[in-house]
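Colleague: I am new to this structure and would like to learn how to read its features one at a time. Could you take me through them, giving the general idea before each case?

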Amino acid sequence: MAGRINDDDVKAVRDAVPIDAVVSEYLQLRNAGGGNLKGLCPFHDEKSPSFHVSPAKGLYHCFGCQEGGDTVDFVMKIDHLSFAETIERLAAQAGITLRYEEGGYTPGRQQGERTRLVEAHKAAAQYYTEQLESPEAVIARTFLADRGFDQDAAGHFGIGYSPAGWDHLTRFLRGRGFSDKELLLSGLSQEGRRGPIDRFRGRLMWPIRDISGEVVGFGARKLRDDDNGPKYLNTPETPLYRKSQVLYGIDLAKKEIAKTNRAVVVEGYTDVMACHLAGITTAIATCGTAFGEGHIKILRRLLMDNSGSEVVFTFDGDAAGQKAALRAFEDDQKFAAETSIAITPGGMDPCDLRLAKGDQAVADLVESRTPLFEFALRHVVSRHNLDTPVGRAAALDEAAPIVARIKNSAIQHESAVQLAGILGILDTQFVVRRVSQLARWARERGRDGGPGPGRPQRREAPSAAEPQRPAPGAGGPALNLRSPAHRVERELLKLALQRPDLVSPAFDAYGADEFTAPPYAVVRQCIEEAGGATTGSADGDYLARVRDAAPDDTVRAMVTELAVEPLHTRRDPDEVYAGVQLVAVRLAAVNQRVMEIRGTLQRLGPRADPEQLAAVQSELWVLQQYGQSLRERGAAAL
């Protein structure tokens with residue numbers, strides 16, 4: 001039976017790893033005000049950032065898809081890990097040694113599957129790196145040298161060598177405690193006649209890392225003529241490695257991509273190396289597959305869909321390269337970034353170009369880029385004879401729909417004018433009108449036909465200030481939290497979670513019945529069960545206790561959301577601002593009770609029991625006086 005991780009160690013891991021540092025490994029974060037950060041949500045597609053991170057609270061929340069939680073929740077969700085695997089990974093990052101209860105700790109038995117596979121790849125990468133220095137690997141070192149890569153370059157990219165024998169790595173990893181099942185599952189070994197053998201033998205090895213920097217697979221280059229395998233052999237699909245969701249070099253390039261708002265997509269491992277060594281440190285490559293949807297999602301999170309960002313594709317100028325460029329153009333509208341293409345001269349890839357003409361030639365290649373849509377237009381137009389009216393009309397019929405697909409109306413108009421020039425049509429407005437008509441028809445088809453193939457219905461993110469939530473435990477329609485009373489209740493709860501020092505001890509005297517929205521009443525109860533806002537002023541575990549007090553995941557998500565959502569004030573919140581919210585909620589509760597009592601008096605009528613009537617009238621008078629005091633004196637009357 002697997003051992004349970006010690007609770008104190010779990011808490012130490014949660015406290016040791018800042019949430020913004022972890023999230024920044026996967027997406028670009030920018031200042032959202034109030035000490036919070038924001039970025040494009042990694043859990044759903046969106047055009048504007050609604051994913052908020054609060055470093056001070058150690059929490060994240062997306063106001064679009066409602067995903068939220070702490071650092072552990074984020075890693076579990078994004079990397080599909082178990083709780084134990086997540087704690088183990090974060091502990092390794094923080095240098096914390098975990099203690100296991102119920103019989104101690106046996107790594108091979110008690111670590112999660114994914115953690116074991118990551119450890120196997122890490123050990124394999126180290127093994128391959130060491131083997132690059134062996135006498136047998138002279139052919140690999142020569143290969144690198146012939147392409148302009150020295151020992152430092154090999155070390156920077158972690159390049160290694162797999163020995164030519166049948167089971168060198170397999171025996172090495174067995175000696176490290178890995179089982180045959182784990183080696184086969186990882187893709188590092190494969191079934192042989194007498195058991196597992198090495199998948200990669202006698203090849204130059206590139207470790208393929210995910211965006212967090214963990215080795216998840218390998219790319220292996222053939223070196224010998226007697227190797228009957230393919231020129232490049234990659235890790236097969238495994239629980240760690242999905243070729244459609246990894247980009248070679250992303251671990252090295254991600255910070256520069258986020259900083260410069262530019263990514264350069266090349267075709268191979270050596271091209272990535274050449275670009276980085278030439279100063280183009282935003283270069284990345286796919287791993288044996290076409291650039292597709294999964295790769296786009298990775299880049300969009302780093303580029304933040306900034307209109308000033310850019311993705312530059314480099315392709316050979318031959319027919320295959322042109323085909324690849326047009327395939328990339330099919331996904332052009334999935335980026336808010338500008339997409340461009342740089343055609344390598346003479347069919348040379350960036351590696352060959354650097355070897356032949358130096359680093360500056362590689363930098364110049366990227367600077368010589370052309371907008372991808374312009375490349376696609378010229379390619380389409382080149383198939384027609386523009387010297388004849390019939391040829392120009394046919395070219396317009398084929399090219400106009402391409403321009404009509406451009407979503408930005410200003411760019412669409414400019415591109416239509418450009419198309420008229422390419423075609424040699426003097427009546428520019430005719431082309432502009434044609435493109436506009438096609439775009440309008442496409443929009444109308446989208447509205448009439450609904451979200452058909454290729455047209456997923458866009459889900460608008462609800463406003464953070466006007467959320468809709470189902471009441472906890474209710475199976476009916478979503479509760480619309482738009483009334484002024486609900487908005488001020490929300491703001492007071494945000495203060496109680498984010499700045500308890502400003503609202504305590506007054507807040508703790510408020511009953512759950514003063515919060516008229518059922519979800520907010522439950523959150524108020526959670527705060528009380530966690531010890532109240534008074535305990536939160538100097539207690540680092542306060543938010544964790546409130547989240548733990550939540551009766552279900554829906555309420556827990558609401559607590560996280562309120563703890564992360566920015567306060568509705570342009571200046572730093574102070575006691576005056578907090579007092580306004582406290583008074584507004586209390587006054588709303590008083591007014592509600594006054595209305596209820598007036599209804600009671602009306603029902604009692606003139607024949608009511610005098611003693612009962614006097615008691616109700618007395619309560620009404622006290623409440624009316626208290627309400628008047630709240631309106632006149634504000635927080636001083638609480």
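Modeller: Let us start with charged pairs: side chains of opposite charge can pair when their charged atoms come close. A salt bridge here is a side-chain nitrogen of Lys or Arg within 4 Å of a carboxyl oxygen of Asp or Glu, and Arg-171 forms one with Asp-167, the closest N and O atoms being 3.1 Å apart. Please keep in mind that this is a predicted model, in which local features need pLDDT of at least 70 and side-chain atom pairs count only at pLDDT 80 or more, while totals for chains, interfaces and linings use all residues. Residues are numbered from 1 along each chain as its sequence is written, and side-chain values use heavy atoms, with hydrogens and water left out.

Colleague: Are Arg-171 and Asp-167 buried or exposed?

Modeller: The scale is relative accessible area, where buried means under 20%, exposed over 50% and partly exposed in between (1.4 Å probe, protein chains only). Arg-171 is partly exposed at 45%, and Asp-167 is partly exposed at 24%.

Colleague: Which parts of the chain does the salt bridge between Arg-434 and Asp-397 tie together?

Modeller: In that salt bridge, the closest N and O atoms of Arg-434 and Asp-397 are 2.9 Å apart. Arg-434 belongs to helix α20 (residues 428-449) and Asp-397 to helix α18 (residues 389-404), so the pair ties together parts that are 37 residues apart in sequence. The helices and strands I name are DSSP runs numbered from the N terminus, helices being H or I with at least four residues and strands E with at least two. A further salt bridge joins Arg-593 to Glu-619, with the closest N and O atoms 3.1 Å apart, and this pair links helix α26 (residues 575-604) with helix α27 (residues 610-633), the two residues being 26 apart.

Colleague: How many salt bridges are there by this rule, and which residues are linked in a network?

Modeller: The count comes to 36 salt bridges, and Asp-79, Arg-89, Arg-114, Asp-210 and Glu-214 are linked in a network of them.

Colleague: How should I read a sheet, and in what order do the strands of the open sheet stand?

Modeller: Two strands pair if DSSP finds at least two bridges between them. Here 5 strands form an open sheet in the order β15-β14-β16-β17-β18, with mixed pairing. The edges are β15 (283-285) and β18 (370-371), each with a single partner strand, so one side of each is left without a neighbour in the sheet. Strand β14 pairs in the parallel sense with β16 (residues 310-316) over 4 bridges, Val-264 having Val-312 as its bridge partner. By contrast, β17 (residues 338-344) and β18 run antiparallel and are joined by 2 bridges, with Ser-340 opposite Pro-371.

Colleague: Which way do the side chains of β14 point?

Modeller: In a regular strand the side chains alternate between the two faces of the sheet. In β14, Arg-262, Val-264 and Val-266 point one way and Ala-263 and Val-265 the other. Because 5 of the 5 residues of β14 (residues 262-266) are buried, the strand is largely enclosed by the rest of the structure.

Colleague: What should I look for in the backbone angles?

Modeller: Most residues other than glycine have a negative phi, and most peptide bonds are trans. Asn-261 has a positive phi of about 60° although it is not a glycine; Asn-261 is found in the loop between α11 (250-260) and β14 and is buried, with a relative accessible area of 15%. Gln-66 also has a positive phi, near 70°, and lies in the loop between β5 (59-62) and β6 (68-70). The peptide bond from Ser-504 to Pro-505 is cis, with omega near 5°, and Pro-505 is in the loop between α22 (500-503) and α23.

Colleague: How far apart are the end C-alpha atoms of helix α23?

Modeller: The expected span of a helix is 1.5 Å times one less than its number of residues. For the 12 residues of α23 (residues 518-529) this gives 16 Å, and the end C-alpha atoms are 17 Å apart, which agrees. Among the buried residues of α23 are Pro-519, Tyr-520 and Val-523, and just after the helix Gly-531 takes a positive phi of about 110°.
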